[in-house]
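User: I'm new to this one, so could you walk me through it step by step?
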Amino acid sequence: MSADVWLPLPPQEIEGLPQGPNYRFWDGAQDYPADPADCVFYVVPYMKPAALGQRPLAAMSSLEVVQTLSAGIDHVEPALASLRPGVRLCNARGVHEASTAELTLTLILASLRGIPDFVRAQDRGEWLAGFRPALADKNVLIVGYGSIGSAIEDRLVPFEVARVARVARSWRTTARGPVHPIAELPALLPEADVVILCTPLNDSTTGLADAAFLARMKDGALLVNVARGPVVDTEALLTEVRGGRLTAALDVTDPEPLPPGHPLWTAPGVLVSPHVGGPTSAFRPRAVRLLVDQLGRFVNREPLRNVILTTGTANGS
């Protein structure tokens, strides 16, 4: 039986791939590049509809590894039940930190300093002067303190924020200070001027930023979502921004893509970017490094990086 690796990047463009497997290029085309039953290592096409990336999985009877090129895995999880036991699912930790952290700071600064208003005023030829809040001296709360949350804090430091509070699933310490458990979130929310969501999407985070969460945020606070759209209750957020109590900057929305005419497009104090945290010029070189490293480990039977779960085990499907 052949040992095929399916890649969403042309293999001839990836320098350093280990010898051994047959590399097949598939980025979601209608026709498969080979028999899915021969695929042992599947790299899911990036930024494609979830159903497309899931389509070949049921036929991949020899599969050993599913590698996403995204930090989140929610777009492949529904198809894991079709896989045989022992398949390892790996995410792209290390690929998107720089790009997502850059966009997070962009959204914060653009929202606080009123950049969308200035762009609209420029279109009208209007000189729109005025007083705007700065990021300096603000209290920032990062909800979801993994590698992306840490990268965001790296970029917050030069802006002279007053304080960064960190929240993750459980308590731990870091070189910068404590990471609070999620149970302490209600007590931390009223102190934050900027709340950044960068959690994975799972059962415990779906609807995390609901009406009660938003009600605990201080008046005038900014909510930034670079996680997944369903982490925020859209209707509850619309209620708060329409009343002018909160503002929001959203790289992800629920629903997504945001359809024409949806009230988030025109809600006061809301800045929307179309899920562009990851796809930048920083993506490809980091994705290539990850793939070369992971495939080298796979071929040499060394431990893989970023294993999120293994099917057929207590934490898998």
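User: How many disulfides does a search of the whole structure find?
Analyst: The search finds zero disulfides, a disulfide being a pair of cysteine sulfur atoms within 2.5 Å. This is a predicted model, in which local features need pLDDT of at least 70 and side-chain atom pairs count only at pLDDT 80 or more, while totals for chains, interfaces and linings use all residues. Residues are numbered from 1 along each chain as its sequence is written, and side-chain values use heavy atoms, with hydrogens and water left out.

User: Why is there no bond for C39?
Analyst: Its closest cysteine sulfur, in C90, is 13 Å from the sulfur of C39, which is too far for a bond.

User: And is C39 buried or exposed?
Analyst: C39 counts as buried because its relative accessibility is 0%, where buried means under 20% relative accessible area, exposed over 50% and partly exposed in between, with a 1.4 Å probe and protein chains only. C90 is also at 0% relative accessibility and counts as buried.

User: Switching topic, how many aromatic pairs are there?
Analyst: The structure holds seven, where rings of Phe, Tyr and Trp (its six-membered ring) pair if their centres lie within 6.5 Å, and planes under 30 degrees apart count as stacked, over 60 as edge-to-face and the rest as tilted. One of them is the edge-to-face pair of W6 and Y42, with 6.2 Å centre to centre and 85° between the planes.

User: Where do W6 and Y42 lie?
Analyst: W6 is in strand β1 (residues 4-7) and Y42 in strand β3 (residues 39-43), so the pair ties together parts 36 residues apart in sequence; strands are DSSP runs (E, at least two residues), numbered from the N terminus. Both W6 and Y42 are buried.

Terms used:
Helix = DSSP H or I, 4+ residues; strand = E, 2+ residues; numbered from the N terminus.
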